[in-house]
Amino acid sequence: FGDGDAKFGGQAATYTLAHRLACDERHPREVAVIIPPTLGMDWDDWAKANPTTRPKLADYGLEIKAPT
């Protein structure tokens with residue numbers, strides 16, 4: 001989950017981390033990036049604006065898998 005910064009700093013940092021994690025051959029893993037749907041919002045802002053709705057991994061076609 002990354003921030004939806006208006007100047008894209010949060011998105012850049014999120015994708016940089018995602019790339020680093022996805023390329024780590026010592027600890028292979030699947031990586032996904034989810035950014036708030038409204039530009040300029042982070043997830044805290046989004047949660048405050050949508051108090052009855054919480055994003056779920058399944059909403060994005062994702063699931064947490066146990067390590068093998």
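**Entry 1. Terms and model**

I take contact to mean heavy atoms within 4.5 Å. I note that the model before me is predicted.

**Entry 2. Trp-46 and its surroundings**

I began with Trp-46, which is found in helix 2. Which residues does Trp-46 contact, leaving aside its neighbours within four places in sequence? I found Pro-37, Met-41, Thr-53, Arg-54 and Pro-55 in contact with Trp-46. I then looked up the C-alpha atoms of Trp-46 and Gly-4, and they are separated by 9.8 Å. Along the chain these two residues are 42 residues apart.

Is Trp-46 buried or exposed? Its relative accessible area is 12%. Buried means under 20%, so I entered Trp-46 as buried.

**Entry 3. The protein as a whole**

Next I recorded the overall figures. The secondary structure comes to two helices and zero strands. Along the principal axes, the C-alpha atoms fill a box of roughly 40 × 25 × 15 Å. The protein has 68 residues, and buried residues make up 16% of them.

I also looked up how contacts are spread along the sequence. Of the contacts between residues at least 6 apart in sequence, 51% join residues at least 24 apart.

For the accessible surface I noted about 5400 Å². Carbon and sulfur atoms account for 56% of that surface. I then turned to the charges, of which 8 are positive and 10 negative. The mean positions of the two groups are 2 Å apart.

**Entry 4. Aromatic rings**

How many aromatic pairs does the structure hold? I found two aromatic pairs. A pair of aromatic rings is described by the distance of the centres and the angle of the planes, so I wrote down both values for each pair.

Phe-1 and Trp-43 form an edge-to-face pair, with 5.4 Å from centre to centre and 80° between the planes. This pair links distant parts of the chain, since its members are 42 residues apart. Phe-1 is in the segment before helix 1 (9-22), whereas Trp-43 belongs to helix 2 (residues 43-49). I compared the accessibility of the two partners. Phe-1 has 55% relative accessibility and counts as exposed, while Trp-43, with a relative accessible area of 15%, is buried.

Trp-43 also pairs with Trp-46, again edge-to-face. Here the centres lie 5.6 Å apart and the planes make an angle of 70°. Why are Trp-43 and Trp-46 separated by about one helical turn? They are three residues apart in helix 2, and therefore about one turn separates them. Taken together, Phe-1, Trp-43 and Trp-46 form one aromatic cluster.

**Entry 5. Salt bridges**

Side chains of opposite charge can pair when their charged atoms come close. I searched for such pairs and found three salt bridges.

Asp-24 and Arg-26 form one of them, and their closest N and O atoms are 3.6 Å apart. Asp-24 forms another with Arg-29, where the closest N and O atoms are 3.5 Å apart. I concluded that Asp-24, Arg-26 and Arg-29 are linked in a network of salt bridges.

How accessible is each member of this network? I noted that Asp-24 is buried, at a relative accessible area of 18%. Arg-26 is exposed, at 69% relative accessibility. Arg-29 counts as partly exposed, because its relative accessibility of 38% falls between the cut-offs of 20% and 50%.

The remaining salt bridge joins the side chains of Asp-44 and Lys-48, at 3.1 Å from N to O. Where do Asp-44 and Lys-48 lie? Both are in helix 2, four residues apart, which is about one turn of the helix. Asp-44 is partly exposed, with a relative accessible area of 44%. Lys-48, at 62% relative accessibility, counts as exposed.

**Entry 6. Helix 2 in review**

I closed by gathering what I had entered for helix 2. Its residues 43-49 include Trp-43, and Trp-46 is found there as well. The salt bridge partners Asp-44 and Lys-48 also lie in this helix.

Key. Residues numbered from 1 in each chain as written. Heavy atoms only, no water. Buried < 20%, exposed > 50% of the residue type's maximum accessible area, 1.4 Å probe, protein only. Areas by Shrake-Rupley, 256 points an atom, 1.4 Å probe, with all protein chains shown as cover. Lys, Arg positive; Asp, Glu negative; His and termini not counted. Charge placed at Lys NZ, Arg CZ, Asp CG, Glu CD. Phe/Tyr/Trp six-rings, centres within 6.5 Å; stacked < 30°, edge-to-face > 60°. Salt bridge = Lys/Arg side-chain N within 4 Å of Asp/Glu carboxyl O.
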